[in-house]
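Please look over the sequence and the structure shown here before reading on. The report that follows describes a pair of helices, the surroundings of a ligand, the chain as a whole and then several single residues.

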Amino acid sequence: MINLATQYLGLQLKNPIIASSSPPNVHVDNLQKLEEAGAAAIVLPSLFEEQIQLQEMGYELPSMFEPSTLPDDLKHIPDMAEYNRGADGYLALLHQAQKAVSIPIIASLNGYYSGGWIRYARLLEAAGADALELNIYYVGSKPHVTAAEIEDMYLKLVQNVCTSIKIPVAVKIGPYFTAMSNVAARLDQVGANGLVLFNRFYQPDFDLDTERVVPTLELSASPELRLRLRWTAIISQFVEADLAITGGVHTAVDILKGILAGATVVMMTSALLNHGIDYLAQVLTDLEILMKRYDFDSIAAVRGQMSQQRVAEPSVFERANYMNIILSMVE
Ligand SMILES: Cc1cc2nc3c(=O)[nH]c(=O)nc-3n(C[C@H](O)[C@H](O)[C@H](O)COP(=O)(O)O)c2cc1C
């Protein structure tokens with residue numbers, strides 16, 4: 001009998017698969033389907049910092065504003081209520097989600113600035129969230145803002161949230177830090193209970209016919225996992241925070257690799273959008289078969305076996321890997 005149980009953010013999970021934050025998770029019937037398919041926990045779609053700011057100014061929807069009356073950074077934000085039900089609706093969604101399923105529900109806030117909206121984290125806690133995922137997304141487009149300032153902003157935000165609530169906090173970050181290990185270690189120190197590696201950023205594209213910049217969305221594929229495997233394998237040796245991998249997890253093989261690297265859980269969105277929610281049940285069955293094939297009897301025993309600390313040649317995660325790849329192309 002394979003033991004798939006794992007722990008994440010102090011939550012006891014029946015297996016390592018979490019449905020990551022995405023549009024289908026706004027519908028309670030989908031949350032029930034995810035639970036039936038075997039998801040161990042669910043992250044709700046994110047509520048955005050800007051939505052909370054607008055609500056605090058007395059407006060729930062951006063469309064209620066005359067744009068010229070808004071502060072610059074709030075002028076162009078779209079109405080996200082259809083995606084996440086808006087700042088008030090989100091609390092109701094959380095409440096409904098908790099009643100509809102028995103697996104843990106993780107609320108998600110997307111922001112970057114440690115403003116007054118942090119009180120919202122308390123509301124999410126009060127509304128019954130089992131944990132909070134903080135998706136920090138800041139585009140460093142201003143030439144006078146330094147990397148150190150941006151990192152400090154992240155740390156302050158995480159610290160403020162962590163000290164404001166009692167439920168565990170996971171921090172979802174992108175891969176574009178020059179000193180990734182240092183940032184991970186400091187997030188760990190300021191209280192993050194989990195790190196979610198990594199955000200996928202959707203790059204705007206150009207439409208030549210209309211000469212407009214258009215949003216684009218391509219779902220992930222398994223090769224994107226490699227970036228996450230490398231950093232999970234490196235980071236897992238020095239943080240206490242649990243590591244979750246998001247990005248490129250599509251198959252049981254991907255899941256096993258993520259756990260071997262040192263993650264306690266993996267998250268799926270693209271695979272479920274591609275194949276439907278029931279696919280999760282198939283992946284769980286495949287995972288058991290795969291673990292049997294490799295003689296692994298529990299997730300706990302597998303975890304971190306291929307972290308940088310445990311592999312025979314730790315340099316494969318650093319510059320040597322680059323050189324080996326180049327050599328492999330030499331005839
Ligand atoms: C349409 C769509 C909407 C998403 N919305 C959110 C969101 O609100 N908050 C968030 O943290 N991640 C969001 N994500 C990112 C996913 O949670 C996930 O991290 C990402 O898709 C990488 O995982 P995957 O390779 O399994 O798709 C979204 C992804 C997609 C495709």
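## Two helices that cross

The axes of helix 1 (residues 28–37) and helix 4 (residues 86–100) come within 10 Å of each other and cross at roughly 35°, where axes are lines fitted to C-alpha atoms, for helices over the stretch in contact, and angles run from 0 to 180 degrees between N-to-C directions. Helices (H or I, at least four residues) and strands (E, at least two) are DSSP runs, numbered from the N terminus. The model is predicted: local features need pLDDT of at least 70 and side-chain atom pairs count only at pLDDT 80 or more, while totals for chains, interfaces and linings use all residues. Residues are numbered from 1 along each chain as its sequence is written.

The crossing of helix 1 with helix 4 is right-handed; a crossing has this name if the near helix is turned clockwise from the far one by less than a right angle, and is left-handed if the turn is anticlockwise. On the side of helix 1 the contact involves Val28, Leu31 and Gln32, which meet Gln96, Ala97 and Ala100 of helix 4, and two residues are in contact if their C-beta atoms, placed from the backbone, lie within 7 Å. The residues of this contact of helix 1 with helix 4 are four nonpolar, two polar and no charged. In this grouping Ala, Val, Leu, Ile, Met, Phe, Trp, Tyr, Cys and Pro count as nonpolar, Asp, Glu, Lys and Arg as charged, and the others, Gly among them, as polar.

## Around the ligand

The ligand is surrounded by 22 residues, and the closest are Ser20, Ser46, Ser220, Thr269 and Ser270; a residue is near a molecule if its C-beta atom, placed from the backbone, lies within 6 Å of it. Strand 6 (105–111) and helix 10 (270–275) are the elements that give two or more residues to this shell around the ligand. Sorted by class, the shell around the ligand has 13 polar, seven nonpolar and two charged residues.

## The chain as a whole

The protein chain has 13 helices and 13 strands. Its radius of gyration is 20 Å, close to the 20 Å that the globule rule gives for 331 residues, so the protein chain is as compact as a globular protein of that length. This radius is taken over C-alpha atoms, and the globule rule is 2.2 Å times the number of residues to the power 0.38. Along its principal axes, the C-alpha trace of the protein chain spans about 60 × 45 × 45 Å.

Of the 331 residues in the protein chain, 40% are buried; a residue is buried if 20 or more other C-beta atoms lie within 10 Å of its own, exposed if 12 or fewer, and partly exposed in between, with C-beta atoms placed from the backbone. Among the contacts in the protein chain with a separation of 6 or more, 72% are between residues 24 or more positions apart.

Helix 9 (residues 252–261) is mostly covered, with eight of its 10 residues buried. What covers the buried residues of helix 9 includes strand 3 (17–19), helix 8 (225–235) and strand 12 (242–246). Helix 9 is followed by Gly262, whose phi is positive, near 130°.

## Single residues

The table places four residues in the chain.

| Residue | Place |
|---|---|
| Leu9 | loop between strand 1 (6–8) and strand 2 (11–13) |
| Ala107 | strand 6 |
| Glu211 | loop between strand 10 and strand 11 (212–214) |
| Val214 | strand 11 |

Ala107 counts as buried because it has 29 C-beta neighbours inside 10 Å. Leaving aside its neighbours within four places in sequence, Ala107 is in contact with Leu44, Leu94, Leu124, Ala129 and Leu132.

Val214 is exposed, since 9 other C-beta atoms lie within 10 Å. Not counting residues up to four places away in sequence, Val214 touches Pro204, Asp205 and Asp207.

Most residues other than glycine have a negative phi, and most peptide bonds are trans. Leu9, although not a glycine, has a positive phi of about 55°, and Leu9 counts as buried because it has 24 C-beta neighbours inside 10 Å. Glu211 also is a residue other than glycine with a positive phi, near 55°, but Glu211 is exposed, with 7 other C-beta atoms within 10 Å. A cis peptide bond, with omega about -5°, joins Leu197 and Phe198, and Phe198 lies in the loop between strand 9 (194–197) and strand 10 (205–207).
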